Each structure stands twice: as structure tokens, then as C-alpha cells.
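Student: I am new to this structure and should be grateful for a close look at one part of it. Could you please show me the place where two of the chains are joined strand to strand, and then set it in its surroundings?

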Amino acid sequence: MKYTPKQAPEGINTSTEHPLKELVLLLGSTLAIILGLIYFVIISTDYLVKYIPVSVENEIFNNKFTNFSAPSAIQELQKQEEYLNDLVESLQVAGEIESHKFKVHIIVNQAPNAFAYPGGNIGVTTGLLKLLDSENGLAMVLGHEIGHHLARDPIKGIGRGVIIGIFVYTVLGIGSDEWIQGLIGELTMASLMSFSRDQERAADQIGKNLIFQHYGHTRGASEFFEKINSTENKFIDSINYLNSHPSTEERILSLKNSMDDNKELKPLPDFLVLDSRS
Amino acid sequence: MILTNLENVPDRKIIEHYGLVQGNTIRAKHIGRDIFAGIKNIFGGELRGYTELLSESREEATQRMIEQANSMGANAIVNIRYSTSSVAQGAAELYAYGTAVRVEE
Amino acid sequence: MIELSIFLLLLVVGYIFGHWGEKKHFRSIIKRELEMLHVPVVTLKSYPPLTRDVDGVLVSGNVVVSIDHFKKFLASLRNLFGGRVTSYETLLDRARREAILRMKSSAIEKGAEVVINTRIETASISKNSAGNGNVGSVEVVAYGTALIPKSIYKEQN
């Protein structure tokens, strides 16, 4: 037999499609699917979480994880915590709230912030206590956190995180790669730590109603946001908030009621003003 | 196109040859098969999805090899060999190679 | 956050250099293939035109090609949807053709006229298959028997 040299043409064993085009297509579809699933998970957990009674929530978070509910270890803060707890209780009485039992904890941190976490716990930073002048403003912040608890927002956040985690590690964990898990991990943390804008607005309204019921007026409701808006560290302080909260201006507008401008504000007790520490 | 892994096509003489031709393909299984395989791993037995995947890949690799041979004007490929390897996690790579020849009619 | 940016950087670098390197390699491969076209490579075990006065010498060529991060990322995306992993196809094609070319050049150096009974083996080398940022590499070895006409062989030895 004779040999006839022939060169095989290109493109049979390879593809001429540009890799970037493929990347965009695949990445786009993946992200779309992931976001769609997360959205679906959020909707369904929000619905299902309603079936976990408050008593069970308290049992899990306060009894199993005792760090959450222990009083402050720092001597000086115990008096302030007592004051805050009394204030929360009076708000509770004013709003006739019987479903929850709340507990306030002071967290030593310069950034003014307040949190609601599962088990009826409310955290308030020393930075926040330094920032505010009136009890009304403080009560608004506490009322806002109470509002989150009444809407079961903290446990919804945990529910979402758990479901997303289960989803990632069972479905995607089979033969997949770290980058997806890392991405979902980030998204889970984000959804765990923050409440959505609608939840924040709803909590604002509940807080406003509570201070109205307790003080008879709503002056001081926007104090926290006005302070944040005007401090020198405005940018840094509001970063804590602006990620998932409605804009501060919007909240000031929804909380101010000009009819109350001439009402009196109750000042904070002296022992609440901390000295140079924190 | 005649395919064989013998040295030559039975009863036919090779007139001309063109050298080596090859075809390869890499296919990945999708997430549905992954999940199913994960579950099947617990019970044991044939992983039908993967079997299908690999035979499809073999088909495609063979097709590509035939395409190369066609472009050279061959009408048979002799001494075909197949090779499977795993180069990417979760994907199967199939490689087929043989000698493209022209046999008498 | 910092891991994400490192990852993106690796992707971009992998794409730019990988793409450029690949084009360059393919041009070199095609050029050399055309040059060496006169020496065929077959999988046949016997070569009728050359049965007498030839010597058979084992020749081989091998190459290891590394996978860059961009390719690996595309492949992992493909894993979700299924289908052809085109990013790896070019890689393997290059590796195989290169290995065959190296075998051919080794044969031509020895004065061979044809390489018979060629076999090609592919192996995947990776330190750690699901490793943190450890992309693997692919090794291809092509080996066959080079048939060298006795006269030339005698000259060499």
C-alpha cells in the first residue's frame, strides 16, 4: 500500500466557540438559578417558620445557648441593663404584648447599633447609649427591636440560613467545587445577619406605636436616625445600617410627626452616660 | 466508513493509507445525574445515567475520528483503539484513534 | 471577600495567558505537522511496504500540559448543566498532537520512514483532586516502533 500524506482539518476535535461567550452563558444561568432558588427558599421558610411557637424558640436559644441570655458580666453595666429591661417591660405593658418575654443585653462597642436575636433577646451597644439624649429616642430603638421579635424576624433569618445550608451541602456538595459553596456561604451569612427593608419598615411602625402608647406622643422617634445622619462619623456609622435598611431620610420622614414638636422629651438618667471607657 | 480493530479489513486489500486519525470528546454529567448517583451509591447497582453518558461520549469520539478520516478521503479505519481517562472532576474523556486507509471495493 | 478577588484574578490571568499560549502552541503544532507529514504514524502492527531490511526501534514522545484556573472554572460550571466541556477539548487536543509530534521528531532523527503500532496513553496528574486551588495537569505519552531502513541504521551505530 502506498502512503498519501494528508493533514486533517482543524475544528473537528476542538470547538471554535469563544470561551468568554460560554463563560457568560453558563455563569449567567447558574446565578439566575441560584438566586431563584434562594428567593423560593426565603418565601417558603418565612411561611413555615410561623409554625414554630415562641416557647420553642425561647427554649432553644435561651436554654441551650446560655451565652445569649446571661446578664452582662461587667459590673458597671448591670445597672444600665436593669434600666433597659425595665424600659422594655413598660413598653410591653403599654403595648399589651404577652406573647414574648424580652431581655436586653448591653454590648461594648463604639458603633451605635441595636440587634434583635432569637429567644426574645435584644442587644444594644454602648455606642448607641452614648449617642442618644432622650429616653424617648432610646425607647424607639427598643420598640423597633421588639417589633422585629413580634414579626418573628430573627427566627426567620435562622430558618433561611439553615435551609440554604442544607441545600448547598446535600445537593451541590455531591461532586462540586468550593467556589459555589463559598458563594452560597457568603449569601447565607448575609441573609442571616440582616433583615429585609420591608421588615425594617414594619419594625419602625411597631416601635412608633409602642412609644405612642407609652408616652402619649411620638416625639423623639426619629432621634437615632437624625443623630446618625449628622455625626462626623456619619459614613462609618451608617454603613452598619445602610446595607439592608431603608435610607435614613426615609425613616426620619416616616417617623416624624410635626404635631408633636412641642411635646416634652424625657431625658436619660445620669448613670446611663458612660465615661471614657468604650 | 468501515471500522475495525483488526490489522486489516477481512477479505479486502488496503490500497492506500493516510496515517493516524483521532477523535476525542469530554463530556460532563449534569447536576441531576450527580444527585441520582449520590443516592444510588447507597444502594449499589448500575449507574444508568453514567453508562449512557459514557457510551454517548464514545459515539461522539468515534464520529469525530470518522470525520477526520472522511476529510482525508479514506473509506475505512483499521486498528482502532479506545482510551478513557479522567482529566476533570466529574467529566469523562474518551479518545479513539486508528489508521485511516482506503480499501479496494 | 479577599478570596473572591484572588479567585477572579486567577481567572483573568488564566484566561489571558492561557488563550494566548494556546493560539501560539496551535500555530507551532500545525507548522510542525506539515513539516513532518512525510513520515506517517500508524496503529498497524505490520507495514507491508517495509518488511525486509528494516530495524524496529521504540520511540516515544510525551508532554505534560497544565490546566489553568479559567479552564477549571468553566469545567465546573459545565458540570452543573452537562454537555461538552469545550475548554478541556483544546487542551487535550494540543497535548496529544504535541506528544505525537515529539515521537515523530525522535523517529525522524533516527532516520525512520514510518512509525508503526503507535499507542497513546493519557493520564491526569493532580496533587489533590478537589484541592484548594490546585489545578491538575494532563500527561500524554505516545509510543511506537520506528522502522528504520538497515542502511541508515548501520550508519548511526
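Tutor: Strand S1 of chain A, residues 2-3, is joined to S2(B) by 2 bridges, and the two strands run parallel. One residue pair can be named: Tyr3(A) has His17(B) as its bridge partner in S2(B). The model in which this pairing appears is a predicted one.

The pairing may now be placed within the contact between the two chains. On one side stand 13 residues of chain A, and on the other 20 residues of chain B. Three elements of chain B each give two or more residues to the side that touches chain A: strand S2 (14-28), helix H1 (31-43) and helix H2 (48-72). Of these, S2(B) supplies the largest share, with 10 residues. By character, the side of chain B that touches chain A comprises 10 polar, 6 nonpolar and 4 charged residues.

As for the chain to which S1 belongs, chain A contains 12 helices and 4 strands. It has 278 residues, of which 30% count as buried. Among the contacts in chain A with a separation of 6 or more, 72% are between residues 24 or more positions apart.

Chain C may be described in the same terms. Its 4 helices and 4 strands follow the pattern α-β-α-β-α-β-β-α along the sequence. Buried residues account for 36% of the 157 residues in chain C. Residues 24 or more positions apart make 85% of the contacts in chain C with a separation of 6 or more.

Terms used. Residues are numbered from 1 along each chain as its sequence is written. Chains are lettered from A and ligands numbered from 1 in the order in which they are written. This is a predicted model: local features need pLDDT of at least 70, side-chain atom pairs count only at pLDDT 80 or more; totals for chains, interfaces and linings use all residues. A residue is buried if 20 or more other C-beta atoms lie within 10 Å of its own, exposed if 12 or fewer, and partly exposed in between; C-beta atoms are placed from the backbone. Two residues are in contact if their C-beta atoms, placed from the backbone, lie within 7 Å. Ala, Val, Leu, Ile, Met, Phe, Trp, Tyr, Cys and Pro count as nonpolar, Asp, Glu, Lys and Arg as charged, and the others, Gly among them, as polar. Two strands pair if DSSP finds at least two bridges between them.
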